[in-house]
Amino acid sequence: MVQTSKNIAIIGSGLVGSLLAIYLKKKGHSVTVFDRRPDIRTIEFSGRSINLAMSNRGWRSLRKVGLEDEIKEIAIPLDKRAMHVNEKPVYFQKYGKEGEAIWSISRGILNRRMIDLAEEAGAQFRFNEKVWDVDLPEAKIFTGVSEKSEWKEYQYDLIFGCDGAFSRVRHKMQRRSRFDYSQDFIDVGYKELTIPPNEDGTHKLDKNSFHIWPRGKFMLIAMPNIDGSFTCTLFLPFEGDVSFEKITNKKEAKTFFKTYFPNVRKEIENLIEDFFKNPTSAMVTMKCYPWTYWNKVALVGDSAHAIVPFYGQGMNAGFEDIYELNELMEDHGDNWELIFDKYQKNRKPNADAIAELSYRNFMEMSHKTADPKFLLQKKIEKKFAEKYPDKWIPVYSRVTFSERPYAEALAIGDRQEEIMQRVMSMPEIESNWDSEAVENKILNLLPVDQI
Ligand code: FAD
């Protein structure tokens, strides 16, 4: 359905704000994007900043506006995990079926490209302009240098809050009655570290793998960049025996890396350097509802649903918000109230589901990877899924390599877990795990419609 052109403000020129600008321009709207930061295209960075995993949902959203191929040129496909377990050679675990991969992409490079593309599509950008307040019923925003300075006032037909986990637009909505809001920080923080390329510019580790050094309560991961480097992320508790608070100088950092990550020993100097240069950041799950205000204001991306990064889905979920908003725009034309209402009702259960799955993955990685019974369960599941790929699609694949709703992946995952709990209570499961009896038990427990 054709839409009447509207004058629209997007608050936030991050990944979600810039992709939304492209979608809205394609629909013929007038779009201005505000960001409190300077233009990321004018900021020097090595290209080795945070990188993200883009999977099916993200690609579908880019494909819809013809950008998939162009963005794939700045991404690297990863078809497997490379597990670095101490005292064992590196081993590889395929992510999915043949041809399935997640893609490593630099957040900074992607963001620059998306802003270029949004500008080419005709969106206006106003950088260094922080939004301090929003008049929701009038769709007005107020920007200025500081909270106390004089503010500029702008009025629009519609406002989209794409201003991230600590959204100012949401902050204003929070002051309304019956607005639900929660935020939960986890006790683990993260730090970005870099493994530089070889002298000839090649990658030091396998470049088509997502590298993981699991160490129980903490872990190191590494994803490749197109310049030959790897961005590593160290996830470590803030407090406790092995924690950020215990690493206060270079000597302690060296001992930490040598003890727990002996196979990245060659890189230690660089990791230590970065350790003290780069900040330690926190991770939060943020939930809220409603996400919209009548036909005037809507939250999209992290401003509506920030999640911990252990499923690599935050950006993917934000891009999927846009894809679904667009479908609703096509169905309902100028009925923005209906579009916004359906948008929040459809997306909220899915945002809650991916928040839950991401949190569970964090708990699994930090609390269960050392539990032999849990590891055995995973082994049985893996074997069964390999033998019966159409009867048992693992939750990871349902989230990462599918576009079915996140809520469905969570529900099916819960049913699979119930089956596995019954399998795990079979007598002498430890010695019989590989038996036909176990396989038959799963087959018998599977529902008729399969899962
Ligand atoms: P943001 O990227 O936070 O952008 C918000 C923008 O709004 C910023 O530019 C900010 O300057 C601007 N802004 C804020 N307040 C104001 C204001 N008052 N006025 C004007 N402008 C304002 N996701 C994945 O899909 N895959 C991954 O592998 C992945 N890995 C991650 C790893 C880590 C360690 C973390 C922390 C996150 C990861 N994510 C991942 C999540 C992903 O980074 C976010 O979901 C995504 O960046 C959210 O985009 P956004 O545009 O909604 O918000």
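Biologist: Which residue stands opposite valine 33 in strand 8?
Modeller: This is a predicted model in which local features need pLDDT of at least 70 and side-chain atom pairs count only at pLDDT 80 or more, while totals for chains, interfaces and linings use all residues. Residues are numbered from 1 along each chain as its sequence is written. Strand 2 (residues 30-34) and strand 8 run parallel and are joined by three bridges; strands (E, at least two residues) and helices (H or I, at least four) are DSSP runs numbered from the N terminus, and two strands pair if DSSP finds at least two bridges between them. Opposite valine 33, in strand 8, stands phenylalanine 125.

Biologist: Which are the edge strands of the open sheet that has strand 12 in its order?
Modeller: That open sheet has six strands with mixed pairing, in the order 8-2-1-12-20-19. An edge strand pairs on one side only, and here the two are strand 8 (124-126) and strand 19 (292-293).

Biologist: At about what angle does helix 1 run to strand 2?
Modeller: Helix 1 (residues 15-26) lies across strand 1 (7-11), strand 2 and strand 12 (158-161). Axes are lines fitted to C-alpha atoms, for helices over the stretch in contact, and angles run from 0 to 180 degrees between N-to-C directions. By that reckoning, helix 1 runs to strand 2 at about 170°.

Biologist: Over residues 7-24, how far apart are the end C-alpha atoms?
Modeller: An unreviewed UniProt entry annotates residues 7-24 as "transmembrane region", although such annotations may be inferred rather than shown by experiment. In the model the chain over these residues is 56% helix and 28% strand, and the distance between the end C-alpha atoms is 10 Å.

Biologist: In the sheet with the order 6-5-15-16-17-14, what is the average twist from one strand to the next?
Modeller: This open sheet of six strands has mixed pairing: strand 5 (residues 80-83) pairs with strand 6 (residues 91-94) in the antiparallel sense, whereas strand 5 and strand 15 (residues 209-215) pair in the parallel sense. Strand 6 and strand 14 (188-195) each have a single partner strand, so one side of each is left without a neighbour in the sheet. From one strand to the next, the twist averages 25°.

Biologist: Which residue in strand 17 stands opposite lysine 191?
Modeller: Strand 14 and strand 17 (residues 230-237) pair in the antiparallel sense over eight bridges. In strand 17, the residue opposite lysine 191 is leucine 234.

Biologist: Which element gives the largest share of the side of domain 1 that touches domain 2?
Modeller: The domain assignment, whose bounds come from an automatic or database source, gives domain 1 (7-80 + 103-185 + 287-361), domain 2 (188-277) and domain 3 (371-445). Contact means that C-beta atoms, placed from the backbone, lie within 7 Å, and 13 residues of domain 1 are in contact with 13 residues of domain 2. Strand 3 (51-54), strand 4 (75-78) and strand 7 (102-106) each give two or more residues to the domain 1 side. The largest share, three residues, comes from strand 4.

Biologist: What is the radius of gyration of the protein?
Modeller: The protein has 14 helices and 21 strands. Taken over C-alpha atoms, the radius of gyration can be set against the globule rule, 2.2 Å times the number of residues to the power 0.38. That rule gives 22 Å for 451 residues, so the protein is as compact as a globular protein of that length, its own value being close by at 23 Å.

Methods:
Contact = placed C-beta atoms within 7 Å.
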